[in-house]
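Reader: Could you walk me through this structure? I'd like to start with the charged side chains and then move on to the sheets.

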Amino acid sequence: MLHFDSDYMEGAHPRILEALAADNGNQHVGYGLDEVCDEARGLIRDACGRPDAEVWFLEGGTQTNRTVIAATLRPYEGVVAAESGHVSVHEAGAIEDSGHKVLTLPQHQGKIDADELAGFLEAYQADENHDHMVRPGMVYISHPTEFGTLYTTDELRRIGDVCHGFGIPLYLDGARLGYGLAADGTDVTLRTVAETCDVFYIGGTKVGALFGEAVVITRPGLIPAFFTQMKLNGALLAKGWLLGLQFRTLFTDDLYVRIARHADEQAMRIREGFLAKGYDLPFDSPTNQQFMIVDDDTLARLREHATLSFWEKTDADHTAIRFATSWATKPEDVDALLALI
């Protein structure tokens, strides 16, 4: 079988496995307070252009979203997100379970619009009953979005300006950030993200690591006692150096973006192959997630030879499906997939 279900089906990039094996006999203090994590923090701060940023290492995306959002918000506040956003749809209620409502906005190819965000926040303030309502306390976006689409630098800046004008932080979910940074034609860099967002995370689980996400808080002190908040949310790994070592490796010699670029290149081959056969794309994604609308007979045929993700039914006889490539996708597997259509 060919496997295009997701971008975390393989273990880790060989350089990470080599680094883990080489370090295996060493001893480190726990909880990410070791020299390996400090070195990784330094590399990430340099890449972000933010020498004063706080950098913390957590294990997975849902854990990270829950911890950051719960630690940032007051009990009476909620987080604003696109109706298609990951925290809105695919977190199994993790945010709501932490005591915070997800307040949704319309999505446009997975993105929120700065003007609509401003209108939403203005309407809340103008409502004479707003003291009885959940207060918008932060804004959540992801880059890439759930649909593999990307914000532009201008869009990020405008959303950031709206957030800061209303005195609330902007949080960016970067579970697949590497694939966004490596995409052809993007004008968003890691420094752009650090300039426009108050807190974001750099995804490792889906971009070459065994596991792990690096939270970057660009406004030091934004989240008081974040170390303790990690512990409170079950997000403090005793062997924290395992996380630091992986990010130290990913942020050496630009490895993080280089391996992500390979995934994007293979995804573009899938995109062009389906377009050449006349299939429609529901989303204009330049990243490692590619979506196609296929008739159900074609879907059944594909599933005999390849694993993929169901997305949604588009009508009685057609289905939107997703193919995800990764840093480890083999070009010959893409060749074999395209031969099926």
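Author: Keeping in mind that this is a predicted model, the structure holds 15 salt bridges.

Reader: Which residue meets D38 in a salt bridge?

Author: The partner is R41, with the side chains meeting at 3.0 Å from N to O. Both residues belong to helix α2, where they are 3 residues apart, or about one turn of the helix.

Reader: And are those two buried or exposed?

Author: D38 is partly exposed, at a relative accessible area of 45%, whereas R41 is buried, at 9%.

Reader: What does D115 form a salt bridge with?

Author: D115 forms one with R158, and the closest N and O atoms are 2.8 Å apart. Since D115 lies in helix α6 (residues 114-126) and R158 in helix α7 (residues 153-165), the pair ties together parts that are 43 residues apart in sequence. D115 is exposed, with a relative accessible area of 54%, while R158 is partly exposed, with 32%.

Reader: Then which side chain meets R157?

Author: That is E195, in a salt bridge of 3.8 Å from N to O. E195 sits in helix α9 (residues 190-196) and R157 in helix α7, so this pair ties together parts that are 38 residues apart in sequence. E195 counts as exposed at 53% relative accessibility, and R157 is partly exposed at 43%. There is also a network in which salt bridges with shared partners join R271, E272 and D284.

Reader: Switching to sheets, what is the strand order in the open one with 3 strands?

Author: The order is β9-β12-β11, and the pairing is antiparallel. β9 (289-295) and β11 (309-315) stand at the edges with a single partner strand each, so one side of each is left without a neighbour in the sheet. From one strand to the next, the twist averages 25 degrees.

Reader: How many bridges are there between β9 and β12?

Author: β9 pairs with β12 (residues 318-324) over 7 bridges, in the antiparallel sense; within that pairing, M292 has I321 in β12 as its bridge partner.

Reader: Which helices lie across or pack on that sheet?

Author: Helix α12 (residues 255-276) lies across β9 and β12, running at about 25 degrees to β9. Helix α13 (residues 296-303) packs on the sheet too, touching β9, β11 and β12, and its direction makes about 125 degrees with that of β9.

Reader: What about β3, is that strand mostly covered or open?

Author: Strand β3 (residues 77-82) is mostly covered, as 6 of its 6 residues are buried. It runs parallel to β5 (residues 135-142), to which 4 bridges join it, with V79 partnered by M138. β3 also pairs in the parallel sense with β4 (residues 102-105) over 4 bridges, and there V80 stands opposite L103.

Reader: Why is helix α11 described as largely enclosed?

Author: Because 8 of the 10 residues of α11 (residues 241-250) are buried, the helix is largely enclosed by the rest of the structure. Among the buried residues are W241, F247 and L250, and the elements that cover the buried residues include α1, α2 and α12, along with the strands β2, β7 and β8.

Reader: Last one: which residues make the nonpolar surface patch?

Author: V29, Y31 and L33 make a nonpolar patch of about 290 Å². L33 is found in the loop between α1 (14-23) and α2 (35-48), and its relative accessible area of 53% makes L33 exposed.

Methods: Residues numbered from 1 in each chain as written. Predicted model: local features only at pLDDT ≥ 70, side-chain atom pairs only at ≥ 80, totals over all residues. Heavy atoms only, no water. Patch = residues over 30% accessible without salt bridge, like charges linked within 9 Å, V, L, I, M, F, W, Y side chains within 5 Å. Areas by Shrake-Rupley, 256 points an atom, 1.4 Å probe, with all protein chains shown as cover. Salt bridge = Lys/Arg side-chain N within 4 Å of Asp/Glu carboxyl O. Helix = DSSP H or I, 4+ residues; strand = E, 2+ residues; numbered from the N terminus. Buried < 20%, exposed > 50% of the residue type's maximum accessible area, 1.4 Å probe, protein only. Pairing = 2+ DSSP bridges. Axes fitted to C-alpha atoms, helices over the stretch in contact; angles between N-to-C directions. Contact = heavy atoms within 4.5 Å.
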